[in-house]
Amino acid sequence: MHCPFCKNHGTRVLDTRISEDGFSIRRRRTCPVCNKRFTTVESILLLVKKKDGKTEPFDRTKVMHGVRKACQGRPVEDSDLRILADRVEEALRSKGTSEVRSIDVGMAILEPLKRLDAVAYLRFASVYEKFSGAEDFEKAIAELRRIQHEEEKEMQMGQSMLSQTSELSQESESSHETESSQPVELS
């Protein structure tokens, strides 16, 4: 790292902190020649290798743009697309490599899109996974129904546990009220 003031190549790191998102590092540096201090922000560049062999930096806006096409006419907000793009980037970075294939980007989009909007998922998947016929749509729909059924069961279990907790809380409160309403004898 060279000093932005005197262009000296030997700078010293004073402090290092990882950003809240975990994707970049902030370093406070000093130059031993001019004694000026400056801050650098370092991040790992995530590259996408295209089908034609070219590489380009990962672009969240491209993810959002591609998914927005699949969501056309659906009740999906821009904030939902930003969250989806965050999840896609997290999934790709969790692979631990600085270069991913474009197909990996598409596959990383499918899972969060499946949970965001079923119709948009089917649109995106039919193009991305090159559905060849009705059987491919039927398999995808069956998978969506299975996931929806699992989510409904989880919600029912959560509601059941919540009502049991509420009942226990009410029983506990009523037993405390009964105890406190008893006269206390003083001797």
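## Overall picture

What share of the contacts in the chain with a separation of 6 or more comes from residues 24 or more positions apart? Those pairs account for 42% of them. Keep in mind while browsing that this is a predicted model.

The chain is 187 residues long, and buried residues make up 25% of it. On the secondary-structure side, you get five helices and six strands. Reading from the N terminus, the elements go β-β-β-β-β-α-α-β-α-α-α.

## The S1-S2-S3 sheet

Let's start with the sheet made of S1, S2 and S3. It is an open sheet of three strands, ordered S1-S2-S3, and the pairing is antiparallel. Strand S1 (12-18) and strand S3 (37-43) are the edge strands, each pairing on one side only. Ignoring direction, neighbouring strands here are turned by 25° against each other on average. As a bit of background, strands of a sheet pair through backbone hydrogen bonds, either parallel or antiparallel.

How many bridges hold strand S2 (residues 24-30) and S3 together? There are seven, in the antiparallel sense. If you want to check the register, Arg29 stands opposite Phe38 in S3, and Arg26 has Val41 of S3 as its bridge partner. The hairpin of S2 and S3 has six residues between the strands, and within that hairpin Asn35 takes a positive phi near 60°.

## Thr30 at the end of S2

Thr30 sits in strand S2. Is Thr30 buried or exposed? Its relative accessibility is 10%, so Thr30 counts as buried, given that the cut-off for buried is under 20%.

Leaving out residues up to four places away in sequence, Thr30 touches Thr11, Arg12, Leu14, Asn35, Lys36 and Arg37. Asn35 in that set is the residue with the positive phi in the S2 and S3 hairpin.

## Cysteines and the segment before S1

How many disulfides does the model have? The count comes to zero. Cys6 is in no disulfide, and its nearest cysteine sulfur, the one on Cys31, is 3.5 Å away. Cys34 is in no disulfide either, with the sulfur of Cys3 the nearest one at 3.7 Å. For a pair to be called a disulfide, the sulfur atoms have to be within 2.5 Å. As for solvent exposure, Cys6 has 31% relative accessibility and so counts as partly exposed. Cys34, at 27%, therefore counts as partly exposed too.

Asn8 is worth a click here as well; it lies in the segment before S1. Which residues does Asn8 touch, not counting residues up to four places away in sequence? They are Met1, His2, Cys3, Cys31, Pro32 and Val33. Asn8 and Cys34 are 26 residues apart along the chain, and their C-alpha atoms are separated by 8.6 Å.

## The S5-S4-S6 sheet

The other sheet to look at is also an open one of three strands, this time in the order S5-S4-S6 and with mixed pairing. Strand S5 (55-57) and strand S6 (99-101) are at the edges with a single partner strand each, so one side of each has no neighbour in the sheet. The twist averages 35° from one strand to the next.

Strand S4 (residues 47-49) runs antiparallel to S5, and three bridges join the two. One pairing to look up is Val48, whose bridge partner in S5 is Glu56. Helix H3 packs on this sheet, touching S4 and S6, and the direction of H3 makes about 75° with that of S6.

## Helices H3 and H4

Now for the helix pair. Two packed helices are described by the angle between their axes and the distance between the axes. For helix H3 (residues 102-116) and helix H4 (residues 118-128), the axes come within 8 Å and cross at roughly 160°. That makes H3 roughly antiparallel to H4, because an angle over 145 degrees counts that way. The crossing of H3 and H4 is left-handed.

What does H3 bring to the contact with H4? The H3 residues include Ile103, Met107, Ile109, Leu110, Leu113 and Leu116, along with Ser102, Asp104, Gly106 and Lys114. On the H4 side, the residues they meet are Ala118, Ala120, Tyr121, Phe124, Ala125 and Tyr128.

How values were computed
Residues numbered from 1 in each chain as written. Predicted model: local features only at pLDDT ≥ 70, side-chain atom pairs only at ≥ 80, totals over all residues. Heavy atoms only, no water. Pairing = 2+ DSSP bridges. Helix = DSSP H or I, 4+ residues; strand = E, 2+ residues; numbered from the N terminus. Axes fitted to C-alpha atoms, helices over the stretch in contact; angles between N-to-C directions. Buried < 20%, exposed > 50% of the residue type's maximum accessible area, 1.4 Å probe, protein only. Parallel < 35°, antiparallel > 145°, perpendicular 65-115°, else oblique. Left-handed = near helix turned anticlockwise from the far one by under 90°. Contact = heavy atoms within 4.5 Å.
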